[in-house]
Amino acid sequence: SLAAESSGPLQHRLLHLLPHVCRSGTEAAAPALDRTNLDTTCAACTDFYQFANGGWLKKTKIPAAYPSYGGFEELFDRNNDVLHDILDKAAADAKSGKSKEGSNAWKVGAYYGACMDTVTIDKIGAAPLKPLLDSINAIATSAALPAALIQLEHSDGLTPFGNGAEQDPRDATMMIVSLGQGGLTLPERDYYFRTDSVTKNIREKFTAHVSAMMVLAGDAPDAAAAAGKAVLEFETQLAKASRAPVALRDPVANYHKMTLADLQKLAPHIEWAKFYQVQGAPSVPAIDVGQPEFITALDGMIASAPLASWKAYLRWHEVHANAAALSYAFVHENFNFEQLLTGAKEVLPRWKRCSGSVDNAIGELLGQEFVAKTFPPEAKARAVKIVANLIDALKARLDSLDWMSAQTKPQALAKLAAFTRKIGYPDTWRDYSTLNITAGQHFANRHAAQRFETARNWNKIGKPVDRAEWGMTPPTVNAYYNPQLNEIVFPAGILQPPFYNATADDAINYGAMGAVIGHEMTHGFDDQGRQYDKDGNLKDWWAKADAAKYVAEADKVVMQFNSYKIVDTTTHVNGKLTLGENIADFGGLTVAYAAFKKAIGDGPHEKIDGFTPEQRFFLGWAQAWRSLTRDEYARMLVNADPHAPSKWRVNGPLSNMPEFKAAFGCADSSVMVRPAASRPRIW
């Protein structure tokens with residue numbers, strides 16, 4: 001998802017990941033289907049994405065500060081307009097004393113106001129970094145490095161591995177410690193190895209970028225240049241020990257539960273009992289070491305890598321992690337490098353970056369105001385009804401599956417029945433009473449919020465799972481399925497047009513929001529989600545023959561998406577990396593269509609805007625996915641993003657659906673109709 005205060009919206013999870021905000025359904029809005037967005041010169045059965053969106057693609061330009069632009073970004077901007085009003089008022093009230101110091105409203109306003117105070121931020125420059133960098137410079141010997149890493153993780157999260165609280169994949173009732181690979185700056189491991197000219201240029205520019213940032217932080221040019229080379233070499237070693245994105249998708253292969261004593265043997269250079277004590281874990285009942293070979297390799301680097309390289313790496317990550325909260329010089333240099341990956345032409349406006357920072361830091365305080373303005377009870381009630389209809393539709397599909405045996409089917413139905421449904425916003429809001437915000441101190445506030453969240457996370461260890469907690473804030477334009485909680489979650493931020501329009505007909509709503517809901521539901525049965533049972537435990541509940549049939553059908557999806565190209569003739573979608581999302585799109589559309597047909601009944605239905613209800617269903621899906629993407633960003637996403645490009649999220653699943661073929665009267669030979677033998681049969 002979008003990092004707080006990044007210089008542009010870097011997306012993704014259900015769909016696209018992007019934090020955003022929107023208008024209510026009662027506000028004057030564009031029609032549910034605008035015919036000027038179509039391209040009727042292109043046959044629907046030849047390229048439905050172009051047919052549904054060609055007019056929009058032709059007349060739309062990507063805003064300079066964005067790497068891509070489409071339905072998600074449109075909603076992001078509308079939602080952000082709402083947040084802008086909320087935050088401006090909150091900041092004014094905090095400054096004037098209208099809101100009581102220390103109150104929730106004051107914290108929102110004071111945080112945003114300090115972030116917007118660029119005069120003060122630019123005046124102090126790199127000064128906030130000095131004590132942090134001095135603590136790294138003070139590491140005198142290699143023998144002192146392990147103890148220093150323990151403290152640096154506690155203060156600033158600087159260790160080159162991922163760690164924190166995790167719901168035990170094989171005991172979904174308890175929270176344990178999670179430990180795994182991490183520490184890379186570039187999007188994924190292969191950026192450190194690929195030999196094509198684009199990637200080689202990125203590595204060269206990365207070295208120069210590290211050097212430039214370290215000069216801004218106070219290093220002499222020669223020392224900064226040496227740091228740039230050292231950081232690339234150090235991270236390349238980490239990358240060599242890291243698993244590729246596709247390998248990380250296997251939950252069984254990435255689960256290795258062990259005791260503290262086991263971990264100590266695996267990586268003896270860190271005193272792990274002390275490590276977790278300092279982080280604030282109340283106990284360490286068990287550790288899930290996702291990628292043991294990475295932890296072993298890192299332990300070896302503690303012993304073998306020069307201390308100077310370690311210090312260069314740690315200092316770089318201190319600067320990199322905090323650059324967005326520093327002066328314009330840091331923000332601008334960050335953006336210069338980010339352009340290589342995103343193609344964006346301008347830094348995102350300050351107020352949008354600060355809005356994202358508030359949402360990231362205290363999103364459930366901000367979210368309360370957002371919900372009050374954008375998500376009235378009647379909108380939630382209709383969304384709840386649509387979700388219930390989708391659940392019923394998926395149940396009916398599961399009941400009727402002829403390839404799933406009587407041994408597996410009852411467990412699949414039990415899992416569906418156990419889904420927790422979270423819609424709009426939490427029932428109980430997070431308590432931020434112990435978070436201290438200081439007026440006029442943006443860097444300090446950002447650190448305080450990070451440490452508050454880190455402490456809250458570590459405090460979960462050894463305790464029962466909190467099933468009421470949300471993993472996204474209410475303004476977020478996204479949704480998710482969590483297999484360990486067996487829950488589907490739809491923040492208020494996405495329950496807005498073009499995904500959900502309280503004034504639109506059922507066809508549009510089921511095609512857009514209904515299919516999004518169905519997408520999240522069928523994640524519970526995608527190639528990853530199907531490996532978890534109804535209680536959220538990583539457990540094989542499938543009959544062997546059923547699992548084999550499922551894998552065979554899923555392989556058809558892999559082959560289908562492997563054939564799709566983006567940007568040029570040699571860049572392909574990765575069918576294995578995107579498999580879970582592609583299955584969820586296909587399943588979500590199939591289930592949503594069944595629910596839609598049940599909702600409208602069998603009687604005659606008039607055309608609207610020249611289209612039947614069935615055609616409008618598919619147009620609703622396609623228009624939600626319209627998007628323009630810069631080439632640089634598209635290349636990055638195809639390497640690291642588990643979602644296929646928007647065009648193929650439309651044409652891919654629809655070309656497998658007999659319902660689409662019937663709705664538009666496509667011939668068997670049409671491009672949008674895949675041969676029957678190549679079509680997966682899952683739902």
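Two strands pair if DSSP finds at least two bridges between them, and helices (H or I, at least four residues) and strands (E, at least two) are DSSP runs numbered from the N terminus. The model is predicted, so local features need pLDDT of at least 70 and side-chain atom pairs count only at pLDDT 80 or more, while totals for chains, interfaces and linings use all residues. Residues are numbered from 1 along each chain as its sequence is written, and side-chain values use heavy atoms, with hydrogens and water left out.

**View 1. An open sheet of three strands, with helix 15 packed on it.**
The strands follow the order 7-10-9 with mixed pairing. Because strand 7 (420-424) and strand 9 (480-482) stand at the edges with a single partner strand each, one side of each is left without a neighbour in the sheet. Neighbouring strands of this sheet are turned by 15° against each other on average, direction ignored. Strand 9 and strand 10 (residues 487-491) run antiparallel and are joined by three bridges, and Tyr-481 has Ile-488 in strand 10 as its bridge partner. Helix 15 (residues 377-400) touches strand 7 and strand 10, where contact means heavy atoms within 4.5 Å. The direction of helix 15 makes about 150° with that of strand 7, the axes being lines fitted to C-alpha atoms (for helices over the stretch in contact) and the angles running from 0 to 180 degrees between N-to-C directions.

**View 2. The buried residues of helix 15.**
Helix 15 has 24 residues and reaches 35 Å from its first C-alpha to its last, close to the 34 Å expected at 1.5 Å a residue, an expected span being 1.5 Å times one less than the number of residues. Its buried residues (under 20% relative accessible area, with a 1.4 Å probe and protein chains only) include Ala-379, Ile-386, Leu-390 and Leu-398. The buried residues of helix 15 pack against helix 16 (409-417), strand 7, strand 10, helix 18 and helix 20.

**View 3. An open sheet of four strands in the order 3-4-6-5.**
The pairing in this sheet is mixed, and strand 3 (161-167) and strand 5 (257-258) are the edge strands, each pairing on one side only. Strand 4 (residues 175-181) and strand 6 (residues 287-289) run parallel and are joined by three bridges, with Leu-179 opposite Val-289 in strand 6.

**View 4. Helix 21 and the surroundings of Phe-618.**
In helix 21 (residues 613-624), twelve of the twelve residues are buried, Phe-618 among them. Leaving out residues up to four places away in sequence, Phe-618 touches Phe-48, Tyr-593, Leu-654, Met-657, Glu-659, Phe-660, Ala-663 and Phe-664. The largest nonpolar core (a set of buried Ala, Val, Leu, Ile, Met, Phe, Trp, Tyr and Cys residues joined through side-chain atoms within 4.5 Å) has 128 residues, and Phe-48, Phe-490, Phe-618 and Phe-664 are those with the most contacts inside it. Another core, of 37 residues, lies apart from the largest one and has Leu-179 and Met-258 among its residues.

**View 5. The crossing of helix 2 and helix 3.**
The axes of helix 2 (71-96) and helix 3 (residues 104-116) come within 7 Å and cross at roughly 100°, which makes helix 2 roughly perpendicular to helix 3, a description used for angles of 65 to 115 degrees. Residues including His-84, Leu-87 and Asp-88 in helix 2 meet residues of helix 3, among them Ala-105, Trp-106 and Tyr-112.

Note on methods: Buried < 20%, exposed > 50% of the residue type's maximum accessible area, 1.4 Å probe, protein only. Parallel < 35°, antiparallel > 145°, perpendicular 65-115°, else oblique.
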